[in-house]
Amino acid sequence: MIKVEWLYWLIGLVFVVMAAQMAMDRTNPKRWTSAAFWGLLGLTFPYGTGVADATADNGGWTLPAEPLGVAVLALIVLAGFNFLGKGVPVTTTGEQREASAARLGNKIFVPALTIPLVAIVCASVLDESGLFEDGKATLLGLGLGCVAALVVGMLVTGERKVSVPVHSGRSMLEAMGSALLLPQLLAVLGSIFAAAGVGDQVGDIMNKVLPEDSRYLAVIAYCVGMFLFTVIMGNAFAAFPVMTAAIGWPVLIQQMHGNEPAVLAIGMLAGFAGTLCTPMAANFNIVPATLLELKDQYGPIKAQLPTGVALLGCCTVIMAVFAF
């Protein structure tokens with residue numbers, strides 16, 4: 001059986017290898033601290049397995065959680081004090097890239113299409129085969145799809161050295177920087193808020209403010225709340241447990257008998273509308289601007305803002321009309 005932890009270990013190994021490359025890259029003025037950041041991150045993956053096994057008490061590794069917390073704080077310090085840098089990537093010339101693009105044509109899209117294809121096959125065909133850990137076929141399919149796409153990409157381009165895509169990946173990693181981790185940290189923040197009872201407190205406030213049996217105001221509060229919390233935290237998955245515990249479940253579903261899948265799905269979509277309008281959603285808005293070297297770092301947000309606001313309005317109307 002292929003376990004999801006193996007995928008995490010592979011991801012950690014990739015980070016460690018790239019950290020070693022950064023340490024040897026003299027063109028990076030902050031090569032040692034950059035290597036420390038990504039290397040430490042890579043080591044947290046296998047170490048986290050031991051912490052999870054110890055928490056679950058399933059007879060696996062028994063590693064204390066405290067060092068993992070210290071590692072997270074160290075990552076925050078390295079990123080927060082701007083200790084991450086980037087070197088000069090070793091790449092081809094513009095003329096060479098144009099010639100390569102003309103030679104490959106649409107074949108260049110084959111590796112990218114390999115990822116969803118393998119993920120779909122694993123999730124729909126191989127899910128019940130016993131090959132994958134229970135409930136993890138989709139995630140493992142995504143990981144296997146990435147590995148398969150790497151192989152296919154090397155075959156399509158005729159590349160024979162694995163070091164070439166690894167160096168390219170490292171250059172992209174340096175370009176994205178610590179913003180790469182922001183979605184994961186914000187998702188954890190949502191879980192912390194939920195465990196701390198923030199949703200219950202917001203729910204108490206809403207019960208005092210909202211008139212009794214006012215469905216439309218409750219719908220507006222839920223959708224707008226999902227939108228605003230997502231803007232603040234940058235992740236709809238972080239906003240979802242807070243606003244659903246406050247309004248979605250107790251008010252719209254239990255009190256007003258809303259259709260559960262409709263209310264929750266539309267509420268999540270309202271949160272996704274907020275994703276279009278915030279720099280906190282770095283992987284959607286800031287990272288693409290950095291990779292494309294846009295002059296205006298907030299250009300994508302400015303372009304997406306009208307769509308996000310319109311989408312919020314549509315979600316609110318659709319929920320009010322069709323979810324009850």
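## Transmembrane annotation

An unreviewed UniProt entry lists residues 6–24, 68–88, 108–126, 138–158, 179–199, 219–252, 264–284 and 304–323 under "transmembrane region". The model discussed here is predicted.

Two of the listed spans are worth setting side by side. Residues 108–126 are 79% helix and 0% strand, with their end C-alpha atoms 27 Å apart. Residues 219–252 are 94% helix and 0% strand, yet the end C-alpha atoms of this span lie 7 Å apart.

## Nonpolar surface patch

Seven named residues make up a nonpolar patch on the surface: Leu10, Leu13, Val14, Val17, Val147, Val151 and Leu155. Together they present about 580 Å² of accessible area. Helix H1 (4–24) and helix H6 (137–157) are the elements that each supply two or more of these residues. H1 gives the most, with four residues.

Leu155 sits in helix H6. Is Leu155 buried or exposed? Its relative accessible area is 62%, so Leu155 is exposed. The cut-off for that class is over 50%.

## Aromatic contacts

The structure contains five aromatic pairs. One of them joins Phe15 and Trp38. The ring centres are 5.7 Å apart and the planes differ by 20 degrees. The pair counts as stacked because its plane angle falls under 30 degrees. It links distant parts of the chain, with Phe15 in helix H1 and Trp38 in helix H2 (residues 31–56), 23 residues apart.

Both partners fall under the 20% limit for burial. Phe15 has 10% relative accessibility and is therefore buried. Trp38 is buried too, at a relative accessible area of 1%. Ring pairs also tie Phe15 and Trp38 to Phe37 and Phe45, giving a cluster of these residues.

## Cysteines

How many disulfides does the structure hold? The count is zero. A disulfide is a covalent bond between the sulfur atoms of two cysteines. The distance cut-off applied is 2.5 Å between sulfurs.

Why is Cys122 without such a bond? Its closest cysteine sulfur, in Cys146, is 11 Å away, so the gap is too far for a bond. Cys122 is buried, at 5% relative accessibility.

Cys223 is in no disulfide either. The nearest cysteine sulfur belongs to Cys315 and lies 6.3 Å away. Because its relative accessibility is 0%, Cys223 counts as buried.

Methods:
Residues numbered from 1 in each chain as written. Predicted model: local features only at pLDDT ≥ 70, side-chain atom pairs only at ≥ 80, totals over all residues. Heavy atoms only, no water. UniProt positions renumbered as here; feature names shortened; annotations may be inferred. Patch = residues over 30% accessible without salt bridge, like charges linked within 9 Å, V, L, I, M, F, W, Y side chains within 5 Å. Areas by Shrake-Rupley, 256 points an atom, 1.4 Å probe, with all protein chains shown as cover. Salt bridge = Lys/Arg side-chain N within 4 Å of Asp/Glu carboxyl O. Buried < 20%, exposed > 50% of the residue type's maximum accessible area, 1.4 Å probe, protein only. Phe/Tyr/Trp six-rings, centres within 6.5 Å; stacked < 30°, edge-to-face > 60°.
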